[in-house]
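Biologist: I am new to this structure and would like to go through it in questions and answers. Could we begin with the whole and then turn to the parts?

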Amino acid sequence: MKINRRQFLKGSAAVAAAAGVSGNATGMEVALGNNSYNYIKHGEPRERVFSCSPTHAHDNPVQAWVDDDPMAPANPLTKQVGRRVVEISGITESNRSRGRVSAAEALAWMHVDSGDRLLHPLKRTGKRGAGQWQEISWAQVSGEIAAAIKASEPQGTFLMRGKDTSGGAWERFMHTLGSNSVIALDTLKNRQAALQSTWGDDDMIPDLAHTHYILNFGSNFLVTYPDYAAEALDGRMFRRAKIVTFDPRCTKTAGLSDDWVPVRPGSDGFVALAMVNYLLQQGWANQAAIKRMSNLSAEQLIRELKDYTLERAEEISGVPALTIRSIARQFAESGQGCVISGAGISGHTNAFDAERALMLLSLVTGSLEIRGGNCKPREIALGAIKPVPPVPAHNNPVRHPHRFLMHVDADNPIDVLFGYNTNPAFDAPAASALRAILADEARVKLFVAIGTFSNETWELADYILPETHWLERNEPVQSKGSLLPWIGLRQRVVDPPGEVKELREILRDLVLATGHEDKAQYWQFQDTREWLGAQLNDIPGLKKDGGWELMAKHSGVWPIYGYLHPEIRRIVDERGEEVLPEYGRPVKMNFDSFPHWHAARDITAAEGELILVIHAADYHGCIDATANDKVIMEATLANHLHINFETAEKLHIEDGALIRVTSRAGYLVTRAHVTQTIRPDVVAMHREGGHWSIGGVASGQAGPAHDGARSNIDADIEHNLWWEDIGVHPMDIILPVYDDKGGGAACGTTVTVKKAEHPDVYGTVRVDTAALFTPVASEKS
């Protein structure tokens, strides 16, 4: 049931005071109606503006609280007195937020005032990467970039991006230019490819709040997916859902699970197939679901799986056969179980088939498109802004993004490369090789970076264009990861500083600068809010419910499915009944190519070698600004190498000792963190250590020891930043190895670990960049 917006606005006032805790709200603020108050001004309420945070993989509707106080201290960045964002909290009307925000989202207002922000368009004056820049006007930069675009063939203009937060603006821009050339960099590329090929969508949504069993392979979802964390904890609270995590590390999710199963990296696919085989042999498979939802039969499955025994699974994975059998049986008996996977699976060269093996597990237990199971993605399409540029006739030439970048050379160069929301020169495997490619003007003729902050990749650009922070822009938002789909929006909460522009304004001005009237017709707007309204009002049903302006003023999301119940903390309808997704969408899985297991090439260890796993840092988001956040950095600190106590003892390594970690690409020098929370044959580091760009906090160039640092406009940073160890950058020593089917890059490698020797110095990273191209050359041949 969906409640009409007008009905909701009439009935919601009575429950507002009982609505749940928001990001920074105190008990007093909740009692006063989930508002925010300036107590210095005698309890005067702050202004509320609805927006949507892009910080994590799934956007989250939020409310920004603004002080407009002429007596308040001046903004340290703009020197202006008055309007400032002072707090971020969740929206109780949103089924995604339910009044919650993550730590990274709650701290986003600090990024708005950061002294490390980009404020003016910059043009390179020295060699790429030399750090020599000059400020230039928007008119000049638009004209020079437009000239390069005009001189290029349409498909010679490329977009290299991470998460697309543009609400369709980038696609419109590329289609306006006649290009489909997009290099979409994602750590879950192999997972997306596996799901797309198997059931036609690149995602699979777990119904965590209504499940009885959560089988997690390689995902730290209780930290990296705040929405999934909230849903899973509801599942535990109301349905006693059991969480079992297969992971070589005891992540925070594994630590909060009922069972942590320390599986050998890259063996998860075999474990899943052994579970499926066991369930079939015991007669616990749902044969009707297999027949209805796939192109397989139970008999075919039994034939394909005959070699996937529990005993063989124990030998390959290191997990006792009894444990695998018990978990498989519990999962099947739960009747409502769901499977989650993450970068721990997708970051290996056998990930494509491993992900499809996990889909088989959901299939044979009949856990697809049921309450508490795994479901197809739900979404509401964004409206179109007319006229719509034609879709180019040629397909995207980039099939495997990471591999494509490694193959760029002088014979096949990129004419114009735009970079957005990504940092491959720092966080992609073989990062030093990518830096060499991006720095080579024969391979990339023109490189244009767009962002709120600089980063290690943008340092290699020819132009850096300053973009607004998400609290300063107008953009539509489409829900991801929710079984109750919604539309949201980002609104300009405060004006941007300096000469900063919104992405849509930047792209419009570039198109207009080309002088092509036929292209200019697709970018006729004066104000981004005007364009936002046109796009949202084209969504069927929204205008009938009051239109986008009512949505922007009263909740920031549409549709409103109900209200947040003060006790059970779920969205309920007028009768107090929980609003449930619609289950039972048609599913037909294609297993023409069976997902047989094969060993991962990236982590096949020789005697004396360990498996190095690189993982995301806790609490960091998928945008660079979180790496420069003083609170998040203090919570995560340095990325010392996690090594098992037993292994460290054999290698005569003590906790905190200086060590050298060597792969076939090179070595790094770090410190040991001796722990029992990792397998003896595995070592691990998070990838956010060792920044040399983004800002003073990220790079260690701020605080009391760094007088005059741009970050130090924050007095707390200037006087109180106490740590000096920013960690070590590990991605240079990861070899460029890829899943041949999924196309994603591996985020692990084999290494040796030993005590450091003279003249090793903490933080040193040494690689043979030329050697990193050897695996690529062998793949070409």
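The exchange below takes up the chain as a whole, then its sheets, and then some single residues.

Biologist: What is the average pLDDT of the protein?

Modeller: This is a predicted model, and each residue carries a confidence score from 0 to 100. A score of at least 70 is reached by 92% of the residues. The average pLDDT of the protein is 91.

Biologist: Which residues have a pLDDT that stays under 50, with 75 contacts beyond four places in sequence?

Modeller: Where pLDDT is low, the predicted coordinates should not be read in detail. Residues 776-781 stay under 50, and the model has 8 contacts beyond four places in sequence for them. The stretch under 50 with 75 such contacts is residues 1-33.

Biologist: What radius of gyration does the protein have, and what does the globule rule give for 781 residues?

Modeller: The secondary structure comes to 31 helices and 30 strands. The radius of gyration is close to the value from the globule rule, so the protein is as compact as a globular protein of that length. Along its principal axes the C-alpha trace spans about 70 × 70 × 55 Å. The two values asked for are a radius of gyration of 26 Å and a rule value of 28 Å.

Biologist: What share of the 781 residues counts as buried?

Modeller: A residue counts as buried under 20% relative accessible area. By that cut-off, the buried share of the 781 residues is 60%.  Among contacts between residues at least 6 apart in sequence, 74% join residues at least 24 apart. The buried share, again, is 60%.

Biologist: Which strands stand at the edges of the open sheet with the order β19-β20-β21?

Modeller: This sheet has 3 strands with antiparallel pairing. An edge strand has a single partner strand, so one side of it is left without a neighbour in the sheet. The edge strands are β19 (475-478) and β21 (557-558).

Biologist: Which residue in β20 stands opposite proline 476?

Modeller: β19 and β20 (residues 487-490) pair in the antiparallel sense over 4 bridges. Opposite proline 476, in β20, stands leucine 489.

Biologist: Which helix packs on this sheet, touching β19 and β20?

Modeller: The direction of the helix makes about 180° with that of β20. The helix spans residues 528-537 and is α24.

Biologist: Which are the edge strands of the open sheet with the order β13-β12-β11-β14?

Modeller: This sheet has 4 strands with parallel pairing. An edge strand here pairs on one side only, which holds for β13 (259-261) and β14 (337-341). The twist from one strand to the next averages 15°. The edge strands are therefore β13 and β14.

Biologist: What is the bridge partner of threonine 245 in β13?

Modeller: β12 (residues 242-246) pairs with β13 in the parallel sense over 3 bridges. Helix α16 (residues 321-334) packs on the sheet and touches β11 (213-217), β12, β13 and β14. The bridge partner of threonine 245 is tryptophan 260.

Biologist: With which strand does β8 pair over 5 bridges?

Modeller: In β8 (residues 157-161), 4 of the 5 residues are buried. β8 pairs with β9 (residues 182-184) in the parallel sense over 3 bridges, and methionine 160 has isoleucine 183 as its bridge partner there. Leucine 159 stands opposite phenylalanine 418. The strand that pairs with β8 over 5 bridges is β16.

Biologist: Is arginine 128 buried or exposed?

Modeller: Arginine 128 lies in the loop between β6 (122-124) and β7 (133-135). The residues it touches include Asp440, Glu441 and Asp462. Its relative accessibility is 8%, under the 20% cut-off, so arginine 128 is buried.

Biologist: Which residue has its backbone oxygen 2.9 Å from a polar atom of the side chain of arginine 128?

Modeller: The side chain of arginine 128 also reaches the backbone oxygen of lysine 445, at 3.2 Å. The backbone oxygen at 2.9 Å belongs to leucine 438.

Biologist: What is the relative accessible area of glycine 748?

Modeller: Glycine 748 lies in strand β29 (residues 748-755). Glycine 748 touches Gly347, Asp602, Ile603, Leu612 and Ile734, not counting residues up to four places away in sequence. Glycine 748 is buried, and its relative accessible area is 2%.

Conventions. Residues are numbered from 1 along each chain as its sequence is written. This is a predicted model: local features need pLDDT of at least 70, side-chain atom pairs count only at pLDDT 80 or more; totals for chains, interfaces and linings use all residues. Side-chain values use heavy atoms; hydrogens and water are left out. Two strands pair if DSSP finds at least two bridges between them. Helices (H or I, at least four residues) and strands (E, at least two) are DSSP runs, numbered from the N terminus. Contact means heavy atoms within 4.5 Å. Axes are lines fitted to C-alpha atoms, for helices over the stretch in contact, and angles run from 0 to 180 degrees between N-to-C directions. Buried means under 20% relative accessible area, exposed over 50%, partly exposed in between (1.4 Å probe, protein chains only). A polar contact is a pair of N or O atoms within 3.5 Å; within protein, one must be able to donate a hydrogen and the other to accept it, and residues adjacent in sequence count only if both atoms are side-chain atoms. pLDDT is the predictor's confidence in each residue, from 0 to 100. The radius of gyration is taken over C-alpha atoms; the globule rule is 2.2 Å times the number of residues to the power 0.38.
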